[in-house]
Amino acid sequence: MNYADKFKKTFFTENPVTGMLLGMCPTLAVTSSAENGIGMGLATTFVLMGSNLVISLLRNIIPARVRIPAFIVVIATFVTIVDMGLQATLFELHKTLGLFIPLIVVNCIILGRAEAFASKNSVLQSFIDGLFNGLGFTFSLFILGTIREILGSGAILGMTFIPENFRTVLLFVLAPGAFITLGFMLVGMNRISKALGGK
Amino acid sequence: MGKQESGLKVILVLVLIAMFSAILLAYVNQVTREPIAANKKAETQKAIKVVLAGLKDISYPENPTDIQIDNSGAGYFEAKYDNGKTAGYAVIVKGPGGFTNDFDMMVGLDSSGKIIDTYVLDHKETPGLGDGMQKEPFKNQFRGRQLNDTEWKVKKDKGDIDAITAATITSRAFTKGVWRALQVYKTLREDQK
Amino acid sequence: METTNKVEVKNRLLFMDSSPLGHVSDSTVKIMYTVCITLLPALAVSVWMFGWEAVRVIVLTSVFTIAIEAIISKMVSYKVNFMDGSALLTGILLAMNIPANSPWWMILVGALVAVILGKHVFGGLGQNIFNPALVARVFLIISFPVEMTSWPKPLVYDSTTGATPLGILKTEGLGALAGTNLTDLAIGQMGGSLGEISAIALLLGAIWLFIKKYITWEIPVMFFATVAVFAGIFHLIDPQTYASPLFHLLTGGVFLGALYMATDMVTSPMTFKGKLIFGFGCGFFTMLIRLFGSYPEGVSFAILLMNAMVPLLDSYFPDQKFGMVKNG
């Protein structure tokens, strides 16, 4: 496998968020800060790696007719593990991501990779595909979260850098700010993708 | 894929996957149950420590006692000194009708019904505006007040409470929540007489 | 193959049947500057009520929007004439939508949002879906609620601030407005943004636009009528809680919105039926937000909401009367 090519694809030209516009719900909902973005991204990465691994292992056993329910059971299992694991270890982060962790189940990236990649490729390749796509997703969420946090709360990774009496643009931590920032991010990423010769 | 599998195989595979999933989750659940419970308890403990700050040598039950107030569910922890006398109450109430939703808050009262402090457990108010209810100076004006020495409304509604700038609705819900906590105290006192 | 399809779909979705500015004979530049001039009476009232602070806001918004447009014109691939009056009009309308005590940085943010997010992300003048000044106003209301809800009091010329009549209605109820005089409201003697205070001055300017046929009656009349009927029904049911229709017409942004914002040629429907529905929708959502929403004023949200429906209205209610040809 060509890792450089895989990196270029999953981070830029075919990035889950900015290239394929998948998983918009968590992308827009949790990225009010960089930390939340990373948290959500890594949780999704874990699920992606796990589900890709297991689905690739079972790819010759699962009957085609019921592959979607089978995939969903596998994905839901991993999501529940993440949900309980986060509650046990990173309780504060779980409180802010809260509702959106169970919703990873319906994140199109995961079912998309299971259907398009893991069900047709070897275990190792699928595992790496999960890792790269997850990190690409995390990368986009981190950038989106960082921009919104700087503009909306005047902070980077939770550290406030603006003076006490300065105002921040509240809109950016709210839902409309997510859409506006994502729009401009798509413009930038399309530029980069073009430069990289993606499409 | 592509070929039609027999119905039996389909069922068998799905059942097996579901079984493995269930076993795995049962195991993870067993491992994480204790830490999760501990985390949740620590969260409540932290809140109680804040709202009952200043009371020393007290103990309180593990779980809150449920009570119905103002047509809404509430709960309270009765804190006792070592000699068995009531030291105060930590009351969990809902702040009704916040800007986005109801929110959960805890109000600490001493044995005479004076407010020690307040703590917001869980909320979805606007960051930068409504979440000012967790900050000074808004919080400070509640300390030391009790049911009868205050008109429990924001100033815009001809009450005594200074609302957070540009977040009247949140302030109103918060004030109502505190008022509910004081009603809980009143009910408890009347029961004891 | 695929590209052709995409272009076709795009054409159907985005482009309207005729040029949005096509149904008036005068040039865009002349229209823009005429509209600016007709806003002068309302601006004069705002200066009378709020003093030099109002002048400062008007100058800053105009300078900022034109300067930003000039910078943008160097960055985009299409032609932008920053002196065509559209940037100036956006600037003046923005000034009329914010309080007289707005700090300079808020005006700058507003101007950036109006020109870039309101206009140029869509491809410049004539392509924008939403009214640029309103996009900026809503952006500022959500981002800086403290600055956007403390309005200077009229005729005192100092830094005392208060709520608008609608704000008082929302937070304190109708009882707190017992002493309000409707004549004062019509002239504009109340707290509010520069342009929402004087109904009479706005009407004066708009009459000139009617005479010049730059705007038509359908949208404003439907807007006013819907607000009046909606408010009237609730006023009749419970006059103790709900303010009179006249109060709802004269306060807030109904006059500015109905006469100048909703009638913006680029962002309003072109057909007769479309305009009627557009005007109705603006009035309906305004009152819905005022009476049941968490914001005291809903004009800007209502107009933006209806702006988004303009392409739909234009295609669902075609109007053959003006001789427009529908292309397949």
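**Entry 1: chains B and A**

I began with the contact between chains B and A, where 29 residues of chain B are in contact with 27 residues of chain A; contact means heavy atoms within 4.5 Å. This is a predicted model, in which local features need pLDDT of at least 70 and side-chain atom pairs count only at pLDDT 80 or more, while totals for chains, interfaces and linings use all residues. I noted the conventions too: residues are numbered from 1 along each chain as its sequence is written, chains are lettered from A and ligands numbered from 1 in the order in which they are written, and side-chain values use heavy atoms, with hydrogens and water left out.

I then looked up the buried area, the accessible area (1.4 Å probe) that two parts lose on being put together, summed over both. For chain B and chain A it is about 2,300 Å², with 74% of it on carbon and sulfur atoms. I found 3 residue pairs in polar contact between chain B and chain A (both at pLDDT 80 or more). A polar contact is a pair of N or O atoms within 3.5 Å; within protein, one must be able to donate a hydrogen and the other to accept it, and residues adjacent in sequence count only if both atoms are side-chain atoms. Helix α1 (residues 7-51) of chain B gives the largest share of the side that touches chain A, 19 residues. Helices (H or I, at least four residues) and strands (E, at least two) are DSSP runs, numbered from the N terminus. I sorted the residues on this side of chain B into 14 nonpolar, 10 polar and 5 charged. Here Ala, Val, Leu, Ile, Met, Phe, Trp, Tyr, Cys and Pro count as nonpolar, Asp, Glu, Lys and Arg as charged, and the others, Gly among them, as polar. The rule finds 0 salt bridges across the interface of chain B and chain A; a salt bridge is a side-chain nitrogen of Lys or Arg within 4 Å of a carboxyl oxygen of Asp or Glu.

**Entry 2: chains C and B**

I turned to chain C and chain B, whose contact takes 6 residues from chain C and 9 residues from chain B. I read 0 salt bridges across this interface and 0 residue pairs in polar contact (both at pLDDT 80 or more). The two chains bury about 620 Å² between them, 69% of it on carbon and sulfur atoms. On the side of chain C that touches chain B, I have 2 nonpolar, 3 polar and 1 charged residues.

**Entry 3: salt bridges**

Over all chains I get 9 salt bridges. In one of them A:Asp129 pairs with A:Lys6, with the closest N and O atoms 2.7 Å apart. A:Asp129 lies in helix α7 (residues 123-153) and A:Lys6 in helix α1 (residues 3-13) of chain A, so the pair ties together parts that are 123 residues apart in sequence. Both A:Asp129 and A:Lys6 are buried, where buried means under 20% relative accessible area, exposed over 50% and partly exposed in between (1.4 Å probe, protein chains only).

I also looked up A:Glu115 and A:Arg67, a salt bridge with the closest N and O atoms 2.9 Å apart. A:Glu115 is in helix α6 (residues 108-118) and A:Arg67 in helix α4 (residues 67-89) of chain A, so this pair ties together parts that are 48 residues apart in sequence. A:Glu115 is partly exposed at 26% relative accessibility, and A:Arg67 is partly exposed at 25%.

In chain C, I found C:Arg290 bridged to C:Glu297 at 2.6 Å between the closest N and O atoms; both residues are buried. Salt bridges that share partners join A:Lys6, A:Arg113 and A:Asp129 into one network.

**Entry 4: A:Thr27**

I located A:Thr27 in helix α2 of chain A, where A:Thr27 counts as buried at 1% relative accessibility. Its side chain reaches the backbone oxygen of A:Gly23 at 2.6 Å. Leaving out residues up to four places away in sequence, A:Thr27 touches A:Val17, A:Leu22, A:Phe137, A:Leu141, A:Leu144 and A:Leu182.

**Entry 5: confidence**

I read ipTM 0.83 and pTM 0.81 for the model. Chain C has a mean pLDDT of 85, and 89% of its residues reach 70 or more; pLDDT is the predictor's confidence in each residue, from 0 to 100. Over residues 1-25 of chain C pLDDT stays under 50. Where pLDDT is low, the predicted coordinates should not be read in detail.
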